[in-house]
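Here is a colleague's note to read alongside the structure. Take it one point at a time, and find each residue on screen as you go.

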Amino acid sequence: MKVVQGFDVSDMTRFNPDQRAPLWWGILGLITIESAVVLTFCVSYMYLAAYADTWPPRGESAPPMLWPSINLGLLMLSSLTMYLAGRAIKRGNQRGLAIGVTASVLLATTVLVLRSLELMAYEFSWKDHAYGSIVWTISGFHYVHVTSIVFGSAVVAILAWRGYFTRQRQIGVVVDTNYWYFVCFAWIPFYLLLYWGPRVYGQ
Amino acid sequence: MTLETPATPHDRIDSAEQATQLERTWHSPGGLLGWFTHVNQRMIGKRFIITAFIFFLLAGILGILIRLQLAGPEQQFIGPELYNQFFTMHGTVMMFFFAIPVMEGFAIYFVPLMVGTRDMAFPRLNAFGYYVYLIGGIVLFGSLLLSMAPNAGWFNYVPLSSKLYSPGYGVDVWTTMITFIEVSALTAAVELIVTTLRMRAPGMSLNRMPLFVWAALVMSFMIVFAMPAVIVSSTLLILDRLVDTQFFIVEGGGEPLLWQHLFWYFGHPEVYIILVPALGMISTIIITFTRRPIYGYTALVLSVVAIGFVSFGLWVHHMFTTGLPQLGMSFFTAASVTIAIPSGVQIFCWIASLWGARIRFATPMLWVLGFFAIFVIGGLTGVMVASIPFDTQVHDTFFLVAHFHYVLIGGAVFPLIGATYYWWPKITGRMMSETAGKWSFWLAFIGFNVTFFPMHQLGLEGMPRRIYTYVEEMGWGDLNLLATIGSLVLATGFGVTLINAIWSVLRGRRAEPNPWGAPTLEWAADSPPASYNFRHIPVVESRWPLWDWEQAGERAVVTGLRHDRREVVLTSVLDAKPVGVQVLPAPTIWPFVSAVAASMGFIGIIFHPIFFVIAFFLVAFTLVAWFWPRRPWRDD
Ligand code: HEM
Ligand SMILES: [Cu+2]
């Protein structure tokens with residue numbers, strides 16, 4: 001059969017930092033899946049709350065609000081530094097990228113420290129009642145995620161300091177940033193549910 | 001758009017030397033160690049398919065053992081404990097380790113070929129998913145040999161599956177391995193979505209996509225939205241069992257029904273996750289064996305998408321006997337009946353396509369016709385059990401067992417075997433025997449009906465499911481004996497196909513690239529396809545590219561991909577216009593290492609929670625190694 005030329009792709013870019021890149025879609029897929037998990041956790045929380053006589057159970061008080069709210073602020077701030085880091089590499093500013101990612105990692109590490117202290121101060125255990133179980137499980141779920149973005153982004157930071165990323169070669173940064181946003185923003189529904197929820201349900 | 005070039009056999013876009021270079025670039029390393037580094041989608045797809053069929057065989061043997069136990073009243077062949085393990089393992093393996101992986105395997109193998117590209121979007125992730133599946137399957141099945149197998153049914157209702165009523169490791173193995181294998185299902189789903197949306201051959205706009213690719217796409221989206229629910233539910237259950245959380249424990253303020261909601265929110269779509277790709281296979285086979293464009297392409301696509309959506313709104317029909325509020329239940333009855341509409345559209349389009357066509361009754365087509373007969377019965381009983389008064393009557397009786405085997409075997413296994421015959425020459429380069437194929441079909445068809453039809457009657461007579469025996473006076477003996485005989489005939493039918501397959505690999509007639517005269521792109525590759533799938537990435541101008549080329553006597557292709565590394569074309573989502581080129585990664589051992597690290601965690605936590613932490617960091621390190629950029633860094 002005669003073979004004729006249809007499209008010539010020799011001159012097309014081999015670097016696809018944006019929606020063109022499969023990896024960009026791949027991370028979107030991961031975020032979708034995990035969002036479904038987040039949602040399922042939230043629904044489970046509400047289901048248990050709805051069927052409970054009192055929520056939180058008699059004898060427990062709603063957890064204090066201060067530290068989680070500070071964490072919320074820190075996570076939002078780290079998203080901002082992450083965003084700036086991404087902006088920097090779009091302009092080819094390698095130093096800006098390295099600084100931004102490092103700052104985000106440090107901010108999230110602070111969150112981990114604060115969260116650890118806060119969890120240790122909880123007055124109830126996951127064994128005590130369904131309320132304790134779901135609070136601890138959601139907290140643990142998010143804690144593990146913050147740990148994983150700290151770990152993953154630390155690697156990105158190392159590569160950034162070594163000058164691996166360039167204006168073209170930046171897909172790694174793009175997907176890391178997107179996942180970072182997801183983990184930080186997932187804290188919002190959890191925060192509302194875990195800390196505002198009992199105050200609303202409790203009335 | 002099309003530029004004419006001289007059509008000599010060795011013009012500049014078609015030289016043998018380039019083919020050799022392509023082969024060097026894309027080939028998979030040999031040797032035992034090499035085996036663990038393979039990333040090509042056809043390798044992975046084939047492994048998924050073969051492994052899944054092995055699980056089908058194993059779970060099928062369990063099914064037969066169950067039937068032998070039930071053949072007569074008060075038999076002592078397998079005791080109650082083993083019986084519980086057997087039906088649990090049978091159901092679990094069939095649903096999680098056979099049906100979904102086999103469909104994904106076919107999709108992994110054929111979607112890239114059908115959309116005209118050289119691999120999947122994330123070849124290494126693909127390999128990772130396979131190892132996860134393999135390890136998970138071995139552990140689950142191994143638990144049976146160690147008498148540690150799950151025994152609380154494939155849907156593991158609490159409180160039966162809680163630590164109090166199911167001590168021992170069985171349910172732990174179930175929950176961890178289910179979560180683990182869903183990881184594999186999810187990676188494959190994301191791969192399939194991205195590959196389908198971003199890597200189609202230029203010109204293959206969404207409305208020219210082969211119907212099987214559509215079905216695989218819908219299946220993948222369903223997996224993405226359904227599997228997280230089962231992951232969460234099994235995580236909650238394992239937490240209850242391992243670290244004493246109270247999610248499902250009433251005394252601790254937990255809610256057993258939460259389990260059922262989460263499980264069936266996944267479990268109902270699960271059935272359609274299995275069915276939808278089968279619908280795609282049926283359409284594919286019908287097109288080829290009537291040799292004309294299918295009737296109602298758009299209607300078929302829309303109804304598959306609709307089935308995908310509606311199936312998420314039905315889960316409560318598995319819970320009609322749990323005492324939920326009446327109004328809610330009526331809604332779910334209505335929704336359950338609604339799904340008959342898109343299913344009906346499918347059947348209508350197929351009948352219209354077959355109407356007046358010169359049908360070639362080759363083996364794949366026979367299995368499709370068998371599907372029609374069986375599936376219609378399964379669908380009817382489905383509408384019956386969607387009605388609450390009737391369901392209250394037959395719930396947890398053999399009527400249900402009959403119903404869902406009509407749907408699952410009729411709806412998925414029959415089309416699947418048809419598709420296996422259909423695509424066999426593409427995968428192996430050899431034909432299967434038609435005579436044996438027809439024998440296999442008739443034995444399986446008759447055997448199937450003899451096995452499962454009597455179960456309707458048994459159910460109406462009140463025989464509960466999941467009982468290891470029954471007393472003579474119930475009068476269920478004769479029909480049970482009949483069903484057992486039927487199951488042996490059914491097994492013989494599948495066995496003939498197995499022998500046919502082995503025989504074909506050893507002695508089968510060699511297959512040309514397009515032995516059935518099909519219109520879709522996978523048939524433009526060699527049989528079996530070369531490592532790089534296509535020498536030239538095709539350019540597509542209609543739904544039936546091969547039929548077009550046949551008429552035109554020529555074909556347009558993409559040029560300008562490098563041959564010395566793994567390059568594929570990226571195209572736009574809707575109309576498949578080329579937008580870029582992607583370089584894919586080469587073979588590596590890391591996906592395997594990662595999967596082993598992850599499995600350590602999943603197996604380990606059954607014994608101690610610390611394994612979660614260990615595996616978490618191990619996996620993180622393997623991922624870094626997997627993604628670490630190698631110098632020289634690409635600079636173009
Ligand atoms: C090879 C032919 C098969 C035979 C002879 C067979 C036989 C059986 C029998 C007798 C039961 C009822 C056990 C009981 O309730 O006591 C059963 C349950 C079940 N089967 Fe099959 N089956 C076959 C194929 C399949 C396939 C292909 C699937 C799915 C793709 C499947 C999925 C199930 C499920 C989910 C259950 C319920 C298990 C439970 O109650 O936990 N079976 N099968
Ligand atoms: Cu259902």
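The points below begin with the metal sites, then turn to annotated regions and to a few details of the backbone.

1. Please keep in mind from the start that this is a predicted model. Every distance, angle and percentage in this note was computed from it.

2. Let us start with the iron atom of ligand 1. Which protein atoms hold it? Its protein donors are NE2 of B:His90 and NE2 of B:His405, which lie 2.0 Å from the iron atom. The iron atom has six donor atoms, and with angles of 88 to 179 degrees among them the site is octahedral. The two histidines bring together distant parts of the chain: B:His90 sits in helix H4 (residues 80-114) of chain B and B:His405 in helix H14 (residues 398-428) of chain B, 315 residues apart.

3. Are these two histidines buried or exposed? B:His90 has a relative accessible area of 16%, so this residue counts as buried, given that the cut-off for buried is under 20%. B:His405 is buried too, because its relative accessible area is 13%.

4. Now look at the whole neighbourhood of ligand 1. There are 21 residues around it, and the closest are B:Tyr83, B:His90, B:Trp154, B:His405 and B:Arg466. By class, this shell is made of 14 nonpolar, four polar and three charged residues.

5. Some polar atoms also come up to the oxygen atoms of ligand 1. B:Tyr83 places a polar side-chain atom 2.6 Å from one oxygen atom of the ligand. With B:Trp154, a polar backbone atom takes that role, at 2.8 Å from an oxygen atom of ligand 1. B:Arg466 likewise has a polar backbone atom 2.8 Å from an oxygen atom of ligand 1. The elements of chain B that give two or more residues to the shell are helix H3 (41-70), H4 and H14.

6. The second metal to visit is the copper ion (ligand 2). Which residues are its protein donors? They are B:His268 through ND1, B:His317 through NE2 and B:His318 through NE2, at 1.6 to 2.0 Å from the copper ion. Along the sequence, the spacing of these donor residues reads H-x48-H-H. B:His268 lies in helix H8 (residues 256-290) of chain B, while B:His317 lies in the loop between helix H9 (297-310) and helix H10 (326-338) of chain B; this pair, 49 residues apart, links distant parts of the chain. B:His268 and B:His317 are both buried.

7. Next, a residue to find in helix H10 of chain B: B:Ser330. B:Ser330 counts as partly exposed because its relative accessibility is 36%. Its C-alpha atom is 9.9 Å from that of B:Val316, and the two residues are 14 apart along the chain.

8. What does the UniProt record say about the chains? For chain B, an unreviewed entry places "domain: Cytochrome oxidase subunit I profile" at residues 35-541. In the model this stretch is 68% helix and 0% strand, with its end C-alpha atoms 38 Å apart. For chain A, an unreviewed entry gives "domain: Heme-copper oxidase subunit III family profile" at residues 23-199. That span is 81% helix and 0% strand, and its end C-alpha atoms are 41 Å apart.

9. Chain A also carries the UniProt annotation "transmembrane region" (unreviewed entry), with residues 134-159 and 179-197 among the parts covered. Residues 134-159 are 100% helix, and their end C-alpha atoms lie 38 Å apart. Residues 179-197 are 100% helix as well, with end C-alpha atoms 26 Å apart.

10. Finally, some backbone details deserve a look. Most residues other than glycine have a negative phi, and most peptide bonds are trans. B:Val158 and B:Pro159, however, are joined by a cis peptide bond with omega about 0 degrees; B:Pro159 is in the loop between helix H5 (123-145) and helix H6 (170-198) of chain B. Another cis peptide bond joins B:Ser527 and B:Pro528, with omega about -10 degrees.

11. Two residues have positive phi values. B:Glu74 has phi near 50 degrees and belongs to the loop between H3 and H4 of chain B. B:Asp244 has phi near 60 degrees and is found in the loop between helix H7 (211-243) and H8 of chain B.

Conventions:
Residues are numbered from 1 along each chain as its sequence is written. Chains are lettered from A and ligands numbered from 1 in the order in which they are written. This is a predicted model: local features need pLDDT of at least 70, side-chain atom pairs count only at pLDDT 80 or more; totals for chains, interfaces and linings use all residues. Side-chain values use heavy atoms; hydrogens and water are left out. Donors are N, O and S atoms within 2.8 Å of the metal (3.2 Å for Na, K and Ca); water is not among the atoms, so sites may look incomplete. Helices (H or I, at least four residues) and strands (E, at least two) are DSSP runs, numbered from the N terminus. Buried means under 20% relative accessible area, exposed over 50%, partly exposed in between (1.4 Å probe, protein chains only). UniProt positions are given in the numbering used here, feature names are shortened, and annotations may be inferred rather than shown by experiment. Four donors count as tetrahedral if all angles lie between 85 and 135 degrees; four count as square planar and six as octahedral if opposite donors are over 155 degrees apart and all others between 65 and 115; anything else is irregular. A residue is near a molecule or strand if one of its heavy atoms lies within 4 Å of it. A polar contact is a pair of N or O atoms within 3.5 Å; within protein, one must be able to donate a hydrogen and the other to accept it, and residues adjacent in sequence count only if both atoms are side-chain atoms. Ala, Val, Leu, Ile, Met, Phe, Trp, Tyr, Cys and Pro count as nonpolar, Asp, Glu, Lys and Arg as charged, and the others, Gly among them, as polar.
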